Amino acid sequence: MLEFISQYPLLAALLALVGLGAVFGALLGFAAVRFKTEGDPIADQINDILPQTQCGQCGHPGCRPYAEAIANGEAINKCPPGGEATIHALADLLDVEPIPLDEEHGEEKVKAVAYIREDECIGCTKCIQACPVDAILGAAKQMHTVIASECTGCDLCVEPCPVDCIDMIPQEENLQTWHWQLPELGRANVDVIASDLDTDRAA
Amino acid sequence: MRKIFDFHGGIHPPENKRQSLGEPIRDAGIPGQLVIPLSQHIGAPSAPIVAVGERVLKGQVIAEAGGFVSVPQHAPSSGTVIAIEERPIPHPSGFRAPCVVIECDGRDEWLPHTGIDNYPGVSPSELLEHIREAGIAGMGGAGFPAAVKLRQKPGATVDTLIINGTECEPYITADDALMRERAADIIAGAEILRHIVGPAETLIGVEDNKPEGIAALRAAAGDSGIEVVEFPTKYPSGGEKQLIEILTGKQVPSGGLPADIGVVCQNLGTTVAVRDAILDGRPLISRITTITGEAVAHPGNYEVLLGTPISHLLELAGYDATRNNRLVMGGPMMGFTLTDTAAPVVKTTNCLLAPTEAELPTPPPAQACIRCGLCAEACPASLLPQQLFWFARGKEYEKLEEHNLFDCIECGACSWACPSQIPLVQYYRASKAEILQQRRDHDKSEQSRLRFEARQERLAREAEEKEAKRAARKKAAELKARQAATGAENEDPIQAAIERAKAKKAAQQQAAGSESEVDKLEQAVVTASKRLQTATAKLEQARAEGSDLVDALQTGVDKTRAKLEKAEQALADHRAAQGNGGALSTGAEAAPVDAAQAAIEKARAARAADADLSPRDKARKQLESLQQRLAKSEKRLADSRNAGEEDKIVEALEASVERLRDKIAATETELATHAAAENH
Ligand code: SF4
Ligand code: SF4
Ligand code: SF4
Ligand code: SF4
């Protein structure tokens, strides 16, 4: 063995390399089979980022199909409910540059919740059939109502209503949802008193 | 002497505490109105239990705790509830929130209350219940319900109970005033907490800039075993984690709680409130608030009823609005600007700061970061503020979390240290809130996704069920058809004959042309005539009523009639065409060409006739036919005998005649019983 190596160093090195290549190739092949991932993991990850409003504004019948389309190379800026934050997250995930929202599909709006004016509802069940997340309760000829906590604000129930009794009520900021905003650069809009630097003037 | 530790970073801003310590604590009195926000604490808002117009006594519960992490609210003075509505509250957003408004009667009448005489004999959990019912929430910081914080996980042991008397933020002296004037109460409160928590040691941590307070506390503590620990002044040593590190040298792990390392912390003001609740039965209805700043003439500490409008306090202190550039609730480092002086003092209002512009200048516009690293040096949480600043600007939330943004205690030390006047802490507050919001949104969207998928599944399942039902129906129909074909003998012979004839006819028609065409045309005629009937009926009705729809209906009837005629014509044409082929039945009236068909028709007619008869008539008819058959058979028998036919045939005929006679006899008795039945 040693003799062979010292006699034919080049051949020995070659053999060693080939051998290594074969071993690692086998290892990789085994790993590929053993740790095979189910489904389309990238589409799942994209779907996880999309807002799940299921409104179809992106031109797909729901978020999942759009996620699959993105995985297949469609632009990442077609989801208005997700808006800038979603585009950023998608850009991060896919390692591409964030692009502004494609206005053709709609603008980023304040999130709204559907509200049925119950005394005008005729109980036609049309809105129930339209709601992608089963957020409307009701039965034929009975008054219908929206479970506000489940409504995604997708707008889809508004159009089918024959008596036009569904309003989309924008969700105003309240005490629970209020939070500090990022300060605007170069503007002294800061209410934090934390920069009391002028020690001379302070008594 | 106890070993004192140090924490990383920290700053030394001007203290500005002397101004408000010139005089003892003053009573702020009873204002005309008290406004009690339902949410003065962290956790669920409390739920009002009084009605508008109701008279309430001082100390009476006006709102119950709205959950486990929640506290009740009490009436701070006697009076009448005049409203439960949205009022301005002290909050950086400037929003309004639901409040109970009490119009005070000035009598300050107490609800009868008594303390617990011998609290060491009472179990900690019962004492905690008292603390909760007294509405006590942390009075130094965010207002976390004290009872929740003091409640221990089963099996956990507490080494150290720390009473936080640090009060490290500039200007604020509320706790200092308490130490000077109510040291005995503080010690009493600490003893109650010690009884509840059961720690190995109880410490009161105080910065060395409060020598009077420390002296008073030490005197009051005596040999109670409660140790008053003094340590060098540095901002923000009052941060819970920082204080724990100073006193014990232990660090609370990132994202962990003090309880994880066996420490429980309580604020000094809260300690006094606990004492009042347990020993006097007095709920949390007032607190000490510092009013200071150059824009007030009489800075100092005031004992204020909760719910007192801030404007009332400012008036007491001689506030000069013209000299004040902004009114701050809290200290200069962690406070926020108040937008409305109608907002009330709440459980967490430790200070009102009314500085002049010279005293607390509006921060100049921020400059670019020069990467000096002063912020990182100042940060007590050992973070990298300039890094966080970059990530916050780029909205790189993942990176922010990786850099432990959530360990930031929002102390503002970095902003204070920054030579470029970058409002760093503002970025962190905004980013933290944004991340929390995103987490909530993500939870919500996850829920939506599940609901969406559940719906998709449901729809698919429903479609499948429908399909399965349809398939089952189809199969059943096929099975029936097969049974009809194979098991025809076992069934009604006429039906079987019909089936056979049909099959035959179908076979014939397949050769001759399409039966379906005829069926279709027949169907068309039937429906058209039906429609005509209803249309005419309607027309008649309209005529009778003199409705103005008559014309419209008339055209409708005409049209339908035209259609009917057309359909009939089409059918006739088709039949004529098929008739040439000669293999078709052309309706019931047409001469039956098909023998099988004819037999079927006859049998059907007979059966139809039978069906209408009464049992007696049926029996009589049967008798008649039997008698005919008997006559025929007898004739046949006679013929055979005369013809001298084989014995076998004659015997057979005789037997059948015999059988017929029996049958006739049976039918006759049947007929008799029917007759008897009918005659009765
Ligand atoms: S626009 Fe956005 S929220 Fe609407 S269906 Fe498409 S991906 Fe979903
Ligand atoms: S209730 Fe209307 S707006 Fe809300 S999720 Fe259902 S369809 Fe969309
Ligand atoms: S505000 Fe946060 S980042 Fe700035 S010094 Fe304080 S703990 Fe550190
Ligand atoms: S102190 Fe200010 S200028 Fe210096 S590194 Fe920090 S953020 Fe940048």
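**A ligand shell, a helix and a set of paired strands**

Q: How many residues surround ligand 1 in this predicted model?
A: The closest residues to ligand 1 all belong to the list A:Thr53, A:Cys55, A:Cys58, A:Cys63 and A:Cys79. By class, the shell holds nine nonpolar and seven polar residues, with no charged residues. The number of residues that surround ligand 1 is 16.

Q: What span does helix α7 of chain B reach from its first C-alpha to its last?
A: Helix α7 of chain B covers residues 268-280, which makes 13 residues. At 1.5 Å a residue, the expected value is 18 Å, and the helix comes close to it, reaching 18 Å.

Q: How many of the 13 residues of α7(B) are buried?
A: A residue counts as buried if 20 or more other C-beta atoms lie within 10 Å of its own. The residues of α7(B) that meet this criterion include B:Leu268, B:Val272, B:Arg275, B:Asp276 and B:Ile278. The helix is thus mostly covered, and the number of buried residues is eleven.

Q: Which residue, with a positive phi, follows α7(B)?
A: The phi of the residue that follows α7(B) is near 70 degrees. That residue is B:Gly281.

Q: Which residue in strand β8 of chain B is the bridge partner of B:Glu85?
A: Strand β7 (residues 79-88) of chain B is joined by two bridges to the antiparallel strand β4 (residues 55-56) of chain B, where B:Val56 stands opposite B:Gly79. β7(B) also pairs in the antiparallel sense with strand β8 (residues 96-104) of chain B, over nine bridges. In β8(B), the bridge partner of B:Glu85 is B:Cys99.

Terms used: Residues numbered from 1 in each chain as written. Chains lettered and ligands numbered in written order. Predicted model: local features only at pLDDT ≥ 70, side-chain atom pairs only at ≥ 80, totals over all residues. Helix = DSSP H or I, 4+ residues; strand = E, 2+ residues; numbered from the N terminus. Expected span 1.5 Å × (residues − 1). Buried ≥ 20, exposed ≤ 12 C-beta atoms within 10 Å, placed from the backbone. Near = placed C-beta within 6 Å. Nonpolar A, V, L, I, M, F, W, Y, C, P; charged D, E, K, R; others polar. Pairing = 2+ DSSP bridges.
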